[in-house]
Amino acid sequence: MNLMEQWRSVAYNEATGKDKLQQLWATYFQEEKEIYAQLLKNPDEVVKGTVKELADKYQVSLMTMTGFLDGINDSLVEKNPLDDLEEDTQVNLGFDKALLYKNMVAAEADWLYNLEEWNAIFDEETRKELYKEQKSSTTIVKEQKVYPNDPCPCGSGKKYKKCCGRK
């Protein structure tokens with residue numbers, strides 16, 4: 001079983017008690033916050049190494065580093081091979097700053113997107129704009145109402161009431 005399978009079996013195991021899972025995630029989120037704080041101090045530096053080396057560098061367990069890699073992967077310029085993750089797998093943490101910020105907003109991780117280190121990367125106006133951009137990208141806009149005698153939106157050419165609007 002590779003590291004990612006191990007992480008997911010522990011972090012998302014519903015058989016584990018609710019209290020244990022909450023404790024696991026609370027500990028993980030605190031360690032994750034500390035890693036991000038260190039990463040954001042030198043945002044242009046691409047941190048590279050094996051999973052084990054990075055876990056040692058940030059003083060976290062292999063499982064925490066695996067979870068961290070899973071979380072940051074969508075924000076990386078060059079994605080890591082998560083499905084084949086082993087202790088000696090070479091990984092990188094070269095992230096796209098704006099994308100990382102937006103992904104933190106999307107995850108509703110205010111403990112991450114409100115980190116003090118962001119102040120040196122983006123001014124307040126830019127952070128607000130990125131926040132707004134991310135939030136509006138997930139806003140659902142209602143489609144125009146289709147009435148019974150309107151053409152069916154499926155493109156059949158029939159009236160809605162004779163096509164998809166049938167009960």
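This passage describes the nonpolar core, the helices that build it, the largest pocket and several individual residues of a predicted model.

The largest nonpolar core comprises 39 residues, among which Y36, L39, Y58, M65, F68, L93 and W118 touch the most other members. At least two residues of this core are supplied by each of α1 (3–11), α2, α3 (51–57), α4, α5, α6 and α7 (118–121), and the greatest contribution, 7 residues, comes from α2. For W118, one of the core members with the most contacts to other members, the residues touched beyond four places in sequence are L40, K97, L100, Y101, M104, L112, Y113 and R127.

Helix α4 spans residues 62–72 and is largely enclosed by the rest of the structure, because 8 of its 11 residues are buried. These buried residues are T64, M65, T66, G67, F68, L69, D70 and I72, and the elements against which they pack are α1, α2, α3, the strand β2 (90–92) and α5. Two of the buried residues of α4, M65 and F68, are also listed among the core residues that touch the most other members. In an α-helix, residues three or four places apart point the same way, because there are 3.6 residues a turn.

Within α4, the charged residue D70 has a relative accessibility of 19% and therefore counts as buried, the limit being under 20%. The side chain of D70 makes a polar contact with the side chain of R8, at 3.3 Å. When neighbours within four places in sequence are left aside, the contacts of D70 are with M4, W7, R8 and L82.

In helix α3, L54 is likewise buried, with a relative accessibility of 2%. The residues in contact with L54, apart from its neighbours within four places in sequence, are V47, K48, G49, M65, V91 and L93; of these, M65 belongs to the buried set of α4, and both M65 and L93 are among the core residues that touch the most other members. The C-alpha atoms of L54 and L85, which are 31 residues apart along the chain, are separated by 13 Å.

Helix α5 covers residues 97–106, and its buried residues are L100, Y101, K102, M104 and V105. The elements that cover these buried residues include α2, α4, α6, α7 and α8 (124–137). The presence of α7 in this list accords with the contacts of W118, which include L100, Y101 and M104. At the start of α5, a side-chain oxygen of D96 reaches to within 3.1 Å of the backbone nitrogen of A98. Just after the helix, E108 takes a positive phi of about 55 degrees; this residue lies in the loop between α5 and α6 and, at 56% relative accessibility, counts as exposed.

A positive phi is also found at Q59, where the value is near 55 degrees in a residue other than glycine. Q59 lies in the loop between α3 and α4 and is exposed, its relative accessible area being 72%. Most residues other than glycine have a negative phi.

A contrasting loop position is that of L115, between α6 and α7, which counts as buried at 8% relative accessibility. Not counting residues up to four places away in sequence, L115 touches K33, Y36, A37 and L40. The C-alpha atoms of L115 and A37 are separated by 7.0 Å, although these residues are 78 residues apart along the chain. Each of the four residues touched by L115 falls within the range of α2 (18–41).

The largest pocket holds about 380 Å³ of space and is lined by 20 residues, those nearest its centre being Y28, E32, G71, I72 and A107. By class, the lining consists of 13 nonpolar, 4 polar and 3 charged residues. Each of α2, α4, α5 and α6 (110–113) supplies at least two residues of the lining, with α2 giving the most, 5 residues. Helix α2 is thus a leading contributor in both settings, giving the most to the lining of the largest pocket and the most to the largest nonpolar core. One of the residues nearest the pocket centre, I72, is also among the buried residues of α4.

Note on methods: Residues numbered from 1 in each chain as written. Predicted model: local features only at pLDDT ≥ 70, side-chain atom pairs only at ≥ 80, totals over all residues. Heavy atoms only, no water. Helix = DSSP H or I, 4+ residues; strand = E, 2+ residues; numbered from the N terminus. Buried < 20%, exposed > 50% of the residue type's maximum accessible area, 1.4 Å probe, protein only. Polar contact = N/O pair within 3.5 Å; in protein donor to acceptor, adjacent residues only side chain to side chain. Contact = heavy atoms within 4.5 Å. 1 Å grid on protein atoms, 1.4 Å probe; cavity = no way out; pocket = protein on both sides within 12 Å on 5 of 7 lines; lining within 4 Å. Points joined across faces, edges and corners; volume = space filled by probe spheres on them. Core = buried A, V, L, I, M, F, W, Y, C linked by side-chain atoms within 4.5 Å.
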